[in-house]
Structures are given as structure tokens and as C-alpha cells.
Amino acid sequence: MKRKILLHPDPRLKKVSAPLPDLSDELRALADDMLETMYDAPGVGLAAPQIGILQRLVVMDCVKGEGETPRPLIMFNPEIVSSSDETNIYEEGCLSLPEQFADVTRPAEVEVRWIDRDGNEQQEVFDGLWATCAQHEIDHLDGKLFIDYLKPLKRQMITRKMVKMKRELART
């Protein structure tokens, strides 16, 4: 079932999410809903706070090529255990900030540990878009948006555009 994605500014997007003590069928169903919502949007990642659920759950799939096999990842309680000194700059966007993009500098590689949908601990090193996406989504769990990496003027400009967009959407 598709979920409604919160739009910035929304106070729930700035809150730190709670760790998940246990997996349940409800959480697995939530993860499936999040994947459906992410693919429909379309996006490459979605964090639970973006649909108003303040729990440490993200979904990602950075396979974007035509005819390539999707690789959906469901991550319960993801955490970055190490990151490279080398950095990359990617133009980031966010499903909670539609049509807003900006260059963000982040570590080029990150090692992430998480619990998969079967309750098994996983650990993997990500690079490229996967590394950027993992960091972006885990930031959501800590109440941080990609615009928080920008200079204040650019951040305020994007926030003003989003306030205007939300006002226009409320009228329709």
C-alpha cells in the first residue's frame, strides 16, 4: 500500500527516530509499503520518518538502468560503522523536497550494518550513488535533511519554495 510522503517543512522530519527492538510482521509490511511508495514516487531511497513513522527503517534501491535487475534493500536499525576520508559530490534530491536539488559532499564509501527483513545482521561497503543514498537515508533517521549541508541562504531559499508549494497543494 502506498503511503503519503511528508513534505518539508514538517517537524516530524527533524526528529530523531527510535531504534526497533524487534521485528514484526507489521514492520515487514511497513517496509514493503515503503518500497512500493519509493518506486512509485519514483526515488532510490525512503526513510520511515518521511512517511511520519519515527522508527529506524530505510529502504533503498539504486539500480536505475533500463533492463537491470532491481536490488531492493530493507534496512532495520541501519548504522554507518565506517566511512572513507575520500569524498564525492552528488546532486541530491529528496522525496520530501520535490523538485529541489543541490550538490552535497559526503564520504565516497561507507560501511553500513543493519538487520534485514529476516532478522539477520548484514554489513556491506557501499560506494557511488549507493553510499550517498545510504548516508542520506540514515540522516533522515537522525532528523537531518540534505539541505542541512547547504549554506544558510540556499537552505532558506529551498525552504521558502517548499512552504509555497505546500500552500498551493493545500488549495487543490
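A charge counts as sitting over a ring if NZ of Lys or CZ of Arg is within 6 Å of the ring centre and within 35 degrees of the ring normal. Lys144 fits that picture, lying over the face of Tyr149 at 4.3 Å from the ring centre. Keep in mind that this is a predicted model. Here's a quick look at its charges and rings, plus one glutamate worth getting to know.

**Charges over rings**
- Lys144 and Tyr149 make up the pair we just met, with Lys144 over the ring face.
- Arg71 does something along those lines with Trp130: its charged end sits over the Trp130 ring, 5.3 Å from the centre.

**Aromatic rings**
- You'll find two aromatic pairs in the structure.
- Take Phe126 and Trp130: their ring centres are 6.0 Å apart and their planes meet at 15°, so this pair is stacked.
- Phe126 and Trp130 are both buried.
- Add Trp114 to Phe126 and Trp130, and you have one aromatic cluster.

**Glu92 and its surroundings**
- Glu92 belongs to strand S4, which covers residues 87–94.
- Is Glu92 buried or exposed? With a relative accessible area of 4%, Glu92 is buried, because the cut-off for that label is under 20%.
- Which side chain does the side chain of Glu92 make a polar contact with? That partner is Arg106, at 2.6 Å.
- Setting aside neighbours within four places in sequence, Glu92 is in contact with several residues, including Gln100, Phe101, Ala102 and Val104.
- Also among the contacts of Glu92 are Thr132, His136 and Phe146, and Arg106 turns up there too.

How values were computed
Residues are numbered from 1 along each chain as its sequence is written. This is a predicted model: local features need pLDDT of at least 70, side-chain atom pairs count only at pLDDT 80 or more; totals for chains, interfaces and linings use all residues. Side-chain values use heavy atoms; hydrogens and water are left out. Helices (H or I, at least four residues) and strands (E, at least two) are DSSP runs, numbered from the N terminus. Buried means under 20% relative accessible area, exposed over 50%, partly exposed in between (1.4 Å probe, protein chains only). A polar contact is a pair of N or O atoms within 3.5 Å; within protein, one must be able to donate a hydrogen and the other to accept it, and residues adjacent in sequence count only if both atoms are side-chain atoms. Contact means heavy atoms within 4.5 Å. Rings of Phe, Tyr and Trp (its six-membered ring) pair if their centres lie within 6.5 Å; planes under 30 degrees apart count as stacked, over 60 as edge-to-face and the rest as tilted.
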